[in-house]
Amino acid sequence: MSTHACGKAKKMISKKMSSLVKNNSVIRMMFEEGQSMAKEFGPENVYDFSLGNPNVPAPDRVRDTAIELLKNEDPISLHGYMNNAGFPDVRKKVADSLNRRFGTSFNENNIMMTVGAAAGLNCALKALIDPGDEVLTFAPYFVEYKNYTANYDGVLNTVATDHETFQPDLKALSDAVSEKTKALIINSPNNPTGVIYSEETIKGIAKILNEKQKEFGTEIFIISDEPYRELVYTGAEVPYVTKYYDNTIVCYSFSKTLSLPGERIGYLVIPDEAADHEDLFSAVSIANRVMGCVNAPSLFQKVVAECLEEKADVDFYARNRDEIYNALLSYGFKCIKPEGAFYLFIETPVDDREFVEEAKKEHILVVPGTSFALGGFVRLAYCVSHETVVNSLPGFKRLAEHYGLC
Ligand code: PLP
């Protein structure tokens with residue numbers, strides 16, 4: 001903040017950013033708190049379950065491919081600008097891999113490489129949303145959806161889920177869709193619940209949106225946010241949404257699948273069946289440019305193209321999940337067993353923010369459910385070392401005793 005000659009304080013930053021600065025992400029703040037606690041008490045004595053930062057290394061093939069590309073490819077084309085949508089050969093490889101795995105029929109003109117799912121979601125929203133348009137999502141939801149929608153002066157409204165299963169409440173969806181609804185963001189496997197939306201759920205959503213499109217004479221898009229598609233346990237299936245609903249944009253990311261969150265790489269899928277497919281594809285490509293991404297990182301486009309059927313060690317997460325889920329249940333906590341992603345959404349015996357503060361006394365960091373638009377729960381990210389899980393358990397037991405759960 002600077003000061004006018006008259007001595008009055010003058011705000012330098014925009015109103016939009018002022019409110020973001022004021023309400024900085026609770027998750028990010030907890031992460032920073034975890035780092036300062038680690039300095040104070042020693043990292044081995046702090047159990048930081050706040051951030052979804054993978055703890056499993058990327059598959060060896062990622063490193064080997066990157067080294068090979070750096071050694072053998074022409075550096076001018078490897079590091080150069082390309083089409084805003086990404087390298088055509090990379091997009092073709094992504095399309096072929098999806099067709100092989102999901103029986104779809106995409107080609108390179110259906111795929112745009114993005115700077116992770118975050119930029120993919122922003123490109124999709126920028127392409128679709130006019131000021132005042134409405135975006136729906138099911139609560140609890142990934143906090144950034146609200147900020148991303150606000151970037152384009154859209155309005156994010158939430159729709160309830162069943163709090164036993166965390167599957168979407170379809171009646172509530174039907175009631176929530178209006179003439180202003182431009183998009184519904186879904187996320188399965190889900191952050192923060194770990195739930196996978198069943199085929200029946202996806203069909204139910206598609207049916208409602210098709211009916212509403214007819215009723216209002218509008219186009220309503222499903223934006224399917226899929227960073228956790230490959231992180232599933234015991235053979236659970238994640239339905240491929242474009243097969244059930246034409247107006248779909250898939251936002252995929254390699255951040256979790258290949259443990260590459262810092263490299264910022266993902267893609268959008270826009271099927272031919274989507275309304276105005278060609279204009280929509282041009283719009284997301286131009287959005288990529290004018291938002292300042294320009295194109296997805298060139299080296300990592302080439303790397304992931306050779307690693308499309310690879311994934312990080314899901315068994316590592318499964319082991320953590322089983323250990324902490326079974327222990328928490330035995331202490332009297334309640335939570336749904338996650339089928340995918342790497343989060344537990346635990347019901348709290350008191351207000352979630354109060355529970356978070358109590359947990360900190362045990363050096364346990366978890367995120368309040370209110371940050372995901374659903375109080376009475378906390379999110380625990382178990383993408384941490386197995387020792388962190390094991391060593392945190394006595395603290396969780398003491399918390400359960402404190403609240404009379406066991
Ligand atoms: N969507 C969800 C549900 C997420 O949990 C995350 C990251 O944690 C993202 C999107 C952003 O992922 P990316 O790193 O690909 O931008």
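In the next few minutes I will go through a strand and its partners, two surface patches, and some points of backbone geometry. Please keep in mind that what you have in front of you is a predicted model.

Let me begin with strand 15, which covers residues 377–381. Five of its five residues are buried, so this strand is largely enclosed by the rest of the structure. If you look at the two faces separately, you will find Phe 377, Arg 379 and Ala 381 on one side, with Val 378 and Leu 380 on the other, and both faces are covered.

As for its partners, strand 12, residues 343–347, runs antiparallel to strand 15 and is joined to it by five bridges, and within this pairing Leu 344 stands opposite Leu 380. Strand 14, made of residues 367–368, also pairs with strand 15 in the antiparallel sense, here over two bridges, and Val 367 is the residue that stands opposite Arg 379.

Staying in this part of the chain, the loop between strand 14 and strand 15 holds Ala 373, whose phi is positive, at about 65 degrees, although Ala 373 is not a glycine. Ala 373 is partly exposed, with a relative accessible area of 37%. His 363, in the loop between helix 13 and strand 13, likewise has a positive phi, near 65 degrees, but His 363 is buried, because its relative accessible area is 18% and the cut-off for buried is under 20%. I point these out because most residues other than glycine have a negative phi, and most peptide bonds are trans.

On that second point, the bond from Ala 139 to Pro 140 is cis, with omega near 5 degrees, and Pro 140 sits in the loop between strand 5 and helix 7. The bond from Ser 188 to Pro 189 is also cis, with omega near -10 degrees, and Pro 189 belongs to the loop that lies between strand 7 and helix 9.

Turning to the surface, which residues gather in the patch of negative charge? They are Glu 219, Asp 246, Asp 272, Glu 273, Asp 276, Glu 278 and Asp 279. Of these, Asp 272 is placed in the loop between strand 10 and helix 10, and is partly exposed at a relative accessible area of 43%.

A nonpolar patch on the surface is formed by Met 12, Ile 13, Met 17, Leu 20 and Val 21, which together have about 450 Å² of accessible area. Ile 13 lies in the loop between strand 2 and helix 1, and is partly exposed, with a relative accessible area of 43%.

Technical notes
Residues are numbered from 1 along each chain as its sequence is written. This is a predicted model: local features need pLDDT of at least 70, side-chain atom pairs count only at pLDDT 80 or more; totals for chains, interfaces and linings use all residues. Side-chain values use heavy atoms; hydrogens and water are left out. Patches are made of residues with over 30% relative accessible area and no salt bridge: like charges are joined within 9 Å, nonpolar side chains (Val, Leu, Ile, Met, Phe, Trp, Tyr) within 5 Å. Accessible areas come from the Shrake-Rupley method with a 1.4 Å probe; for residues, only the protein chains shown count as cover. A salt bridge is a side-chain nitrogen of Lys or Arg within 4 Å of a carboxyl oxygen of Asp or Glu. Lys and Arg count as positive and Asp and Glu as negative; His and the chain ends are not counted. The place of a charge is taken as NZ of Lys, CZ of Arg, CG of Asp or CD of Glu. Helices (H or I, at least four residues) and strands (E, at least two) are DSSP runs, numbered from the N terminus. Buried means under 20% relative accessible area, exposed over 50%, partly exposed in between (1.4 Å probe, protein chains only). Two strands pair if DSSP finds at least two bridges between them.
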